[in-house]
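Ready for some practice in reading a protein model? Work through the exercises below with the structure open beside you, and try each one before you look at its solution.

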Amino acid sequence: MLNRRNFLTAAVGVAAAGGLAACAKEDKASTGTSGGGGSKTITLGFSQVGSESGWRSANTDSVKSAAKEAGYNLKFSDAQQKQENQISAIRSYIAQKVDVIAFSPVVVTGWDAVLKEAKAKNIPVVLTDRSVETSDQSLYVTLVGSDFTDEGRRAAKILEKVLEKAGHKGAVKIAQLEGTTGAAPAIERAKGFKEVMDASHKDDWKIVVSQTGDFTRAGGKQVMAAFLQSNPDINVLFAHNDDMAIGAIQSIEAAGKKPGKDILIVSIDGVKDGFVAMSEGKINAIVECNPLLGPQLMDVVKKVKNGEPVERWIKTKEGDFMQDQAKAALPSRKY
Ligand code: GZL
């Protein structure tokens with residue numbers, strides 16, 4: 001929740017706002033036809049988490065291109081992974097009286113105050129990608145995004161196949177590279193993975209070390225290096241996204257070990273670089289998390305603007321890939 005100091009700062013920010021959010025980077029060029037006074041063109045205010053990973057870049061491209069395709073007036077801001085920047089951006093969209101606000105919340109908590117301000121101004125809010133924790137379900141209309149808990153379950157289940165294919169014998173000592181602390185995908189992927197572990201692998205699998213790498217390559221590289229210092233007998237890495245896995249691979253190789261062989265790797269996202277690493281034998285399996293939400297989002301925004309009913313959760317469709325599928329799949333990967 002926002003404390004009094006933050007709230008006052010934000011209030012001052014809103015008073016002065018008029019246009020750009022105080023700290024976030026807002027794209028100057030809005031896409032689609034000009035909002036102007038014309039009521040027929042939809043003006044959408046979108047606050048993006050940041051640009052921390054290949055997944056995020058693909059997600060941003062999808063939102064921007066779909067808004068352009070739909071002829072919407074898109075106001076877009078990059079929060080550089082800071083919640084206060086997202087809150088400022090949302091407040092500036094409220095001040096600009098956009099038709100709909102959409103955002104991917106960097107973390108699950110701390111949104112009630114600003115979402116209540118949007119509600120007070122009758123501006124509907126659509127969540128994309130990540131969800132929020134709130135007791136007031138009226139604060140957003142719908143979530144367009146993946147089931148992260150299921151992604152965690154799928155990661156554990158595909159690890160079973162990876163271990164079998166590798167002919168692994170003995171204890172499974174897992175290092176877990178967690179996503180951004182407090183973010184829905186980090187919380188829920190860990191939860192889903194643990195569900196399968198507790199149900200089917202109480203005696204043979206153990207997460208020996210787990211820490212956030214903040215969804216970035218640099219984070220994955222740094223934390224994996226520390227993991228290898230403290231737990232040299234790690235034989236599996238579960239990374240909450242490909243970017244951290246790719247960073248970790250650099251540290252694994254620097255330690256003189258073979259990623260994909262000495263340390264089996266399962267990751268989530270399915271970005272092109274993840275598929276390249278898989279085709280090189282360095283990642284053993286990837287659970288896809290589809291970032292191409294733009295078209296679904298624009299369709300929902302139009303329905304919401306027109307007051308039409310929408311489902312509470314519009315889930316994205318995604319698959320799972322083993323290493324031997326990587327080469328064939330690469331040419332058709334869209335992100
Ligand atoms: C998942 C998304 C996550 C990706 C990461 O939907 O929120 O954030 O898995 C990204 O790559 O940083």
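The exercises that follow all use this predicted model.

**Exercise 1. Classify a ring pair**

Decide how the rings of F193 and F238 are arranged: stacked or edge-to-face?

*Solution.*
Step 1. A pair of aromatic rings is described by two quantities, the distance of the centres and the angle of the planes.
Step 2. Rings pair if their centres lie within 6.5 Å. By this rule the model has five aromatic pairs. For F193 and F238, the centres are 4.3 Å apart.
Step 3. Planes under 30 degrees apart count as stacked. The planes of F193 and F238 make an angle of 10 degrees, so this pair is stacked.
Step 4. Now place the two residues. F193 belongs to helix α6 (residues 184-200) and F238 to strand β9 (residues 236-239), so the pair links distant parts of the chain, 45 residues apart.
Step 5. A further ring can be added to the picture: ring pairs join F193, W205 and F238 into a cluster.

**Exercise 2. Buried or exposed?**

Sort F193, F238, Q80 and K97 into buried, partly exposed or exposed.

*Solution.*
Step 1. Recall the cut-offs: under 20% relative accessible area is buried, over 50% is exposed, and values in between are partly exposed.
Step 2. F193 has a relative accessible area of 1%, so F193 is buried. F238 is buried too, because its relative accessibility is 1%.
Step 3. Q80 has 35% and therefore counts as partly exposed. Its place is the loop between β3 (73-78) and α3 (83-95).
Step 4. K97 reaches 69%, so K97 is exposed. This lysine lies in the loop between α3 and β4 (100-103).
Step 5. While you look at these loops, check the backbone angle phi. Phi of Q80 is near 50 degrees, a positive value in a residue other than glycine. For K97, phi is positive as well, near 55 degrees.

**Exercise 3. Map the nonpolar core**

Find which residues have the most contacts inside the largest nonpolar core, and which element gives the most residues to this core.

*Solution.*
Step 1. The largest nonpolar core has 28 residues, and those with the most contacts inside it are L159, I174, F193 and W205.
Step 2. Next, list the contributors. Elements that each supply at least two residues include α2 (54-70), α5 (148-165), β7 (172-178) and α6.
Step 3. Among these, α5 gives the most to the core, with seven residues.
Step 4. Look at one residue of that helix: A156 is found in α5. A156 is buried, because its relative accessible area is 0%.
Step 5. Finally, compare sequence with space. A156 and M197 are 41 residues apart in sequence, yet their C-alpha atoms are 7.1 Å apart.

**Exercise 4. Explore the ligand's surroundings**

Work out which residues come nearest to the ligand, and how much of the ligand the protein buries.

*Solution.*
Step 1. There are 13 residues around the ligand, and E52, D129, R130, R189 and D269 come nearest.
Step 2. Look for polar side-chain atoms beside oxygen atoms of the ligand. R189 has one at 2.8 Å, N241 at 2.9 Å and R56 at 3.0 Å.
Step 3. Taken alone, the ligand exposes 320 Å², and the protein buries 100% of that.
Step 4. Follow R189 back into the protein. R189 is found in helix α6 and counts as buried at 3% relative accessibility. A polar contact of 2.8 Å joins its side chain to that of E151.
Step 5. Do likewise for D129, in the loop between β5 (125-128) and β6 (142-145). D129 is buried, with a relative accessible area of 4%, and its side chain makes a polar contact of 2.9 Å with the side chain of R56.
Step 6. N241 is in the loop between β9 and α8 (242-254). With a relative accessible area of 1%, N241 is buried.

**Exercise 5. Spot charges over rings**

Identify which ring the charged end of R312 sits over, and which ring the charged end of K315 sits over.

*Solution.*
Step 1. The charged end of R312 sits over the ring of Y140, 4.0 Å from its centre.
Step 2. For K315, the ring is that of W313, with the charged end 4.3 Å from the ring's centre.

How values were computed. Residues are numbered from 1 along each chain as its sequence is written. This is a predicted model: local features need pLDDT of at least 70, side-chain atom pairs count only at pLDDT 80 or more; totals for chains, interfaces and linings use all residues. Side-chain values use heavy atoms; hydrogens and water are left out. Rings of Phe, Tyr and Trp (its six-membered ring) pair if their centres lie within 6.5 Å; planes under 30 degrees apart count as stacked, over 60 as edge-to-face and the rest as tilted. Helices (H or I, at least four residues) and strands (E, at least two) are DSSP runs, numbered from the N terminus. Buried means under 20% relative accessible area, exposed over 50%, partly exposed in between (1.4 Å probe, protein chains only). A charge sits over a ring if NZ of Lys or CZ of Arg is within 6 Å of the ring centre and within 35 degrees of the ring normal. A residue is near a molecule or strand if one of its heavy atoms lies within 4 Å of it. A polar contact is a pair of N or O atoms within 3.5 Å; within protein, one must be able to donate a hydrogen and the other to accept it, and residues adjacent in sequence count only if both atoms are side-chain atoms. Accessible areas come from the Shrake-Rupley method with a 1.4 Å probe; for residues, only the protein chains shown count as cover. A nonpolar core is a set of buried Ala, Val, Leu, Ile, Met, Phe, Trp, Tyr and Cys residues joined through side-chain atoms within 4.5 Å.
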